[in-house]
Amino acid sequence: MRRMTHDPTAGGWARDLCQRHPRLDEAAIRAAVSQLTEGPPQAHLSAALELASLVASMEMDTAPVLAALFHGPVRRGAVAKTELNARIGDAAASLAVSVIEMADTSILDLTSSRLLASEAKDQTANIRRMLVAVIDDGRVAVLKLAERVVALRRAKASSEERKARIAIEAMTVFVPLADRLGIWQLKWELEDLALRYLEPDAYKRIARQLDGRRAEREGRVNALVAQLGEAFESHGIKAGIEGRAKHIYSIWRKMRTKNIPFDEVYDVQGVRIIVGNLATCYAALGIVHSRWRPIPDELDDYIAAPKENGYRSIHTAVVGASGMVFEVQIRTEEMHREAELGVCAHWSYKGMDPEDDYYANKVAWLRRALDAHEREGVGLADELMSQTREQRVFVHTPKGHVLDLVAGATAVDFAYRVHTEVGQHCVGARIDGVPAPLNSTLRSGQRVRILTAPDAGPQRAWLDPELGYVRTSRAKSKIRAWFYERDRAENVAAGRRLFLAMVDGLALPPPDPEALPSSVQGLRQPGAEGFFFALGVGEIAPLEALRRYLAARGEGPSQRSLLPELAVAEGPSRYRLRIAGRDREGLLRDLTETLSRFGMSMLANTGHVEPVTGTAWIDMDLELEGLYETARIMHHLRHVPDVRQVRRVAVDAV
């Protein structure tokens with residue numbers, strides 16, 4: 001063995017680490033670090049120290065920290081596995097080897113190979129081997145999770161392929177593991193870092209928006225913290241109160257799930273209240289609700305009903321004096337440690353206590369999953385693989401390259417995944433050699449070819465969530481940016497045509513321009529022109545704008561229409577839709593298939609063809625709940641190929 005020299009700076013790091021975490025054995029850590037300081041590259045030493053620091057912050061004992069220091073050197077072959085026992089002791093060596101062997105299983109390599117059915121069994125076995133390692137010693141799970149966090153932190157300069165691979169792996173395997181073990185401190189960072197690589201545009205946009213109004217938000221939070229402090233002091237309650245920023249991934253997920261812009265994510269900033277005991281949690285909640293107006297349906301009591309992973313806290317949302325909405329979390333110090341550290345919060349500093357009930361409960365789900373797998377052929381490994389298959393699809397380019405996309409991705413998403421210019425100019429698609437609509441949902445194993453035209457551009461229909469053209473944030477942001485770059489008058493005119501066509505198709509009188517903005521709140525620009533602009537650039541979905549407009553007229557989804565010919569008793573009404581389109585084989589079939597997707601069939605239909613123009617006219621009688629449902633059906637029928645017009649007519653119209 002080569003003689004190692006001592007590096008004073010590394011020794012200083014060991015001293016500082018042990019001062020922050022007095023439970024650690026400084027002599028053992030100093031000796032281990034000194035063995036790593038000989039020879040280049042120092043970047044590897046930096047990574048080892050970063051991982052060890054993160055593991056120590058999880059309240060782990062000395063052995064996992066030593067294992068973290070030597071994980072990288074052993075992986076790179078700079079230190080042999082057989083040397084580990086002599087260098088860092090048996091316990092730390094065993095942990096290091098277990099984590100390294102987990103990596104050797106190559107859990108997922110999603111960007112370089114398809115996840116076909118024939119491979120699923122092998123992939124499941126790999127993940128099961130990982131879980132077996134976790135069960136042998138739960139600290140292995142924490143080491144691996146921390147190692148993945150550091151890998152993601154340091155992947156900035158890596159190839160796009162590697163960044164995508166480790167980000168997908170994090171979201172499909174390690175985030176669920178961190179969630180099950182309740183280790184929030186690692187879970188949120190895995191999610192944020194993975195989002196940074198998988199959805200870079202969305203990540204940067206949210207980060208910019210957070211920075212842009214940070215001072216204003218922090219000022220309001222500080223004012224709320226001060227008011228809470230005074231209120232608690234007047235009631236004799238001792239509490240730690242701090243601002244709590246929502247993580248970027250959480251913001252992105254809420255925006256996507258609720259289909260709302262950043263400005264409507266009201267709990268971007270909040271406060272956390274930490275008190276001495278359980279009774280004080282509820283006393284603090286009473287004070288908060290008595291001082292500020294609580295928001296209905298936003299109270300979650302995870303103390304009375306803890307989450308599956310053991311998380312306990314009270315969550316509520318209130319409207320502050322400034323009108324800003326804040327999320328408030330209330331918990332005890334013990335609950336806070338559990339929320340941040342999960343199972344780690346209950347491990348002995350001298351090592352795990354195998355008799356500790358809390359630890360046993362935390363990992364029992366792993367053992368049950370594997371037991372069930374042996375008995376019934378199902379288990380957590382299958383659950384994770386199922387999640388992987390559900391979350392990603394893998395499709396071929398014409399040249400045979402494999403691209404991974406989120407489940408539900410369409411041909412338009414694929415086009416933008418290939419290149420922005422391909423997306424901006426796409427006009428059609430061929431899937432496995434067969435022409436297919438651009439909103440076709442892709443499946444793993446398919447070969448996709450995008451047809452382009454140099455003078456083509458994105459269609460506004462692509463941004464309509466009802467029509468399902470795009471699923472990925474990347475495609476949405478690129479399409480919306482393209483429309484924002486268009487002339488303002490062009491966007492206003494397009495929005496006006498779109499809205500008036502929907503109103504006219506329903507046989508309603510032209511809308512009062514002054515009444516339009518009141519139908520949709522939160523417009524960036526005022527007045528009817530701002531309303532039409534928002535429609536033209538996709539800020540408002542067409543049907544959502546129409547729904548609010550109808551509701552303002554008293555003709556919403558749950559209302560009866562006020563038009564004389566539709567003044568009927570409560571319950572479904574008979575509506576007649578007149579459809580004009582190019583006469584072709586299969587047109588009626590495509591129309592009825594569209595209806596069947598909504599679970600409805602025709603009461604009657606008639607039709608004829610104009611021989612000179614080749615126009616097919618079809619009347620369909622449907623039983624519908626009201627104008628909004630009628631508009632929704634018409635909206636989808638208009639996008640059937642070769643349909644030119646859809647209008648509502650009186651049932652007795654000739």
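This report walks through a predicted model of a protein, from its overall make-up to some of its helices and single residues.

## Overall make-up

The protein is 654 residues long, and 52% of these residues count as buried. Its secondary structure comes to 26 helices and 15 strands. When contacts with a separation of 6 or more are considered, 68% of them are accounted for by residues that lie 24 or more positions apart.

## Helix α26 and its surroundings

Helix α26 runs over residues 627-638, and its twelve residues should span 16 Å at 1.5 Å a residue, which agrees with the 16 Å that separates its end C-alpha atoms. Because nine of the twelve residues of α26 are buried, this helix is largely enclosed by the rest of the structure.

The buried residues of α26 are Leu627, Tyr628, Thr630 and Ala631, followed by Ile633, Met634, His635, His636 and Leu637. What do these buried residues of α26 pack against? Their partners include three helices, namely α21 (488-505), α24 (542-552) and α25 (587-597), and they also pack against the strands β12 (573-582), β14 (615-624) and β15 (643-649).

## Helix α10 and its two partners

Helix α10 (residues 184-198) packs with helix α9 (residues 160-180) at an angle of about 155 degrees, and the axes of the two helices are 9 Å apart. Since an angle over 145 degrees counts as roughly antiparallel, α9 is described as roughly antiparallel to α10. The crossing of α9 and α10 is left-handed. On the side of α9, the contact is made by Lys163, Ala164, Ala167, Ile168, Ala170, Met171, Phe174, Val175, Ala178 and Asp179, while α10 brings Lys187, Leu190, Glu191, Ala194, Tyr197 and Leu198. The residues of this contact between α9 and α10 divide into twelve nonpolar and four charged, with no polar ones.

Helix α10 also meets helix α13 (residues 248-258), where the axes of α10 and α13 come within 8 Å and cross at roughly 65 degrees. With that angle, α10 is roughly perpendicular to α13. The contact is made by Glu191, Asp192 and Leu195 of α10 together with Ile248, Tyr249 and Trp252 of α13. How do the residues of the contact of α10 with α13 divide into nonpolar, polar and charged? Four are nonpolar and two are charged, and there are no polar residues in the contact of α10 with α13.

Reading the two contacts together, Glu191 of α10 is listed in the contact with α9, and Glu191 is also listed in the contact with α13.

## Helices α21 and α23

Helix α21 and helix α23 (residues 527-537) pack at an angle of about 90 degrees, with their axes 7 Å apart. That angle makes α21 roughly perpendicular to α23. In α21, the residues Arg488, Asn491, Val492, Gly495, Arg496, Leu498 and Phe499 meet Glu529, Phe531, Phe532, Phe533, Leu535, Gly536 and Val537 in α23. The contact of α21 with α23 divides into eight nonpolar, three polar and three charged residues.

Leu535, one of the α23 residues in this contact, can also be placed relative to Ala545, for the two are ten residues apart in sequence and 8.1 Å apart in space, C-alpha to C-alpha. Ala545 belongs to helix α24, and with a relative accessible area of 0% it is buried.

## A buried threonine

Thr280 has its place in helix α14 (residues 278-291). Is Thr280 buried or exposed? Its relative accessibility is 17%, and because buried means under 20%, Thr280 counts as buried. When residues up to four places away in sequence are not counted, Thr280 touches Ile237 and Val275.

## Two loop residues with positive phi

Most residues other than glycine have a negative phi, and against that background two loop residues may be considered. Asp432 lies in the loop between β9 (426-431) and β10 (434-436), and its phi is near 55 degrees, a positive value in a residue other than glycine. With a relative accessible area of 47%, Asp432 is partly exposed.

Ala507 is found in the loop between α21 and α22 (516-519). Although Ala507 is not a glycine, it has a positive phi of about 65 degrees, and at 31% relative accessibility it counts as partly exposed.

Definitions and conventions
Residues numbered from 1 in each chain as written. Predicted model: local features only at pLDDT ≥ 70, side-chain atom pairs only at ≥ 80, totals over all residues. Heavy atoms only, no water. Helix = DSSP H or I, 4+ residues; strand = E, 2+ residues; numbered from the N terminus. Expected span 1.5 Å × (residues − 1). Buried < 20%, exposed > 50% of the residue type's maximum accessible area, 1.4 Å probe, protein only. Contact = heavy atoms within 4.5 Å. Axes fitted to C-alpha atoms, helices over the stretch in contact; angles between N-to-C directions. Parallel < 35°, antiparallel > 145°, perpendicular 65-115°, else oblique. Left-handed = near helix turned anticlockwise from the far one by under 90°. Nonpolar A, V, L, I, M, F, W, Y, C, P; charged D, E, K, R; others polar.
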